[in-house]
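Please open the model in your viewer and keep the sequence panel visible beside it. The tour below proceeds by selection, and each stop states what is to be found there.

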Amino acid sequence: MDNDSTTIARVKATVNPNIRKKSDSNHTKKGFTGALVELSSTHKALRNIKVRGHIEKCFMYCVQQHQDNPAQLKTGLDNIDPHLYGKRIHCKYPQDKMTRK
């Protein structure tokens, strides 16, 4: 579903209070991308479309890989920043496989 809190509140109230919301990945990506675009006004590096695209790719990969495990999702999201700066100590793949020309 989209990230509309009114909809999920009504579903919980009328159908089942234990129901869990699962956001559509396109809405999640759109929200994240929008936040990066906003940040680009104060962070010069984010003005580069390739940089933003790479950050979006890392974010969405992490969300897709850990969507059913909140603890691993948190760890994965925390590791995106070091990963962007070449510190791949927690990556699934060795550093030589990550380097592409």
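**Stop 1: Leu84**

Select Leu84 together with its contacts: beyond the residues up to four places away in sequence, Leu84 touches His54, Ile55 and Cys58. Please note that the model is a predicted one. Leu84 itself belongs to helix H5, which spans residues 80–84. Is this side chain buried, partly exposed or exposed? Leu84 counts as partly exposed, because its relative accessibility is 30%, and the buried class requires a value under 20%. For a distance check, pick the C-alpha atoms of Leu84 and Val51: they are separated by 9.5 Å, although the two residues stand 33 places apart along the chain.

**Stop 2: the whole chain**

Zoom out and display the chain as a cartoon. The secondary structure consists of 6 helices and 0 strands, so a colouring by element, read from the N terminus, gives the order α-α-α-α-α-α. Next, switch to a surface representation. The protein exposes about 8100 Å², of which carbon and sulfur atoms supply 54%. Of its 101 residues, 16% count as buried. A contact map offers a further view: among contacts between residues at least 6 apart in sequence, 30% join residues at least 24 apart.

**Stop 3: Arg52**

Now select Arg52, which is located in helix H3. What is the relative accessible area of Arg52? The value is 15%, and Arg52 is therefore buried. Show the residues around the side chain and backbone of this arginine: leaving aside neighbours within four places in sequence, Arg52 is in contact with Leu36, Val37, Ser40, Leu46 and Arg47. One of these, Ser40, lies 12 residues from Arg52 in sequence, and the C-alpha atoms of the pair are 9.0 Å apart.

**Stop 4: helices H2 and H3**

Select residues 25–39, helix H2, and add helix H3. H2 and H3 pack at an angle of about 145°, with 10 Å between their axes, and their crossing is right-handed. Which residues make the contact? From H2 come Ser25, Thr28, Lys29, Phe32, Thr33, Leu36 and Val37, while H3 contributes Arg52, Ile55, Glu56, Phe59, Met60 and Gln64. Colour this set by class to see 6 nonpolar, 4 polar and 3 charged residues.

**Stop 5: helices H3 and H4**

Hide H2 and select residues 49–65 (H3) with residues 70–78 (H4); this pair packs at about 165°, and the axes are 9 Å apart. H3 is therefore roughly antiparallel to H4, the class that applies to angles over 145 degrees. The crossing of H3 and H4 is right-handed. To isolate the contact, keep Phe59, Cys62 and Val63 of H3 and Leu73, Gly76 and Leu77 of H4. How many residues of this contact are nonpolar, polar and charged? The contact of H3 with H4 comprises 5 nonpolar residues, 1 polar residue and no charged ones.

**Final view**

To close, display H2, H3 and H4 together and highlight Phe59 of H3. Phe59 takes part in the contact of H3 with H2 and also in the contact of H3 with H4.

Note on methods: Residues are numbered from 1 along each chain as its sequence is written. This is a predicted model: local features need pLDDT of at least 70, side-chain atom pairs count only at pLDDT 80 or more; totals for chains, interfaces and linings use all residues. Side-chain values use heavy atoms; hydrogens and water are left out. Axes are lines fitted to C-alpha atoms, for helices over the stretch in contact, and angles run from 0 to 180 degrees between N-to-C directions. Helices (H or I, at least four residues) and strands (E, at least two) are DSSP runs, numbered from the N terminus. Angles under 35 degrees count as roughly parallel, over 145 as roughly antiparallel, 65 to 115 as roughly perpendicular and the rest as oblique. A crossing is left-handed if the near helix is turned anticlockwise from the far one by less than a right angle, and right-handed if clockwise. Contact means heavy atoms within 4.5 Å. Ala, Val, Leu, Ile, Met, Phe, Trp, Tyr, Cys and Pro count as nonpolar, Asp, Glu, Lys and Arg as charged, and the others, Gly among them, as polar. Buried means under 20% relative accessible area, exposed over 50%, partly exposed in between (1.4 Å probe, protein chains only). Accessible areas come from the Shrake-Rupley method with a 1.4 Å probe; for residues, only the protein chains shown count as cover.
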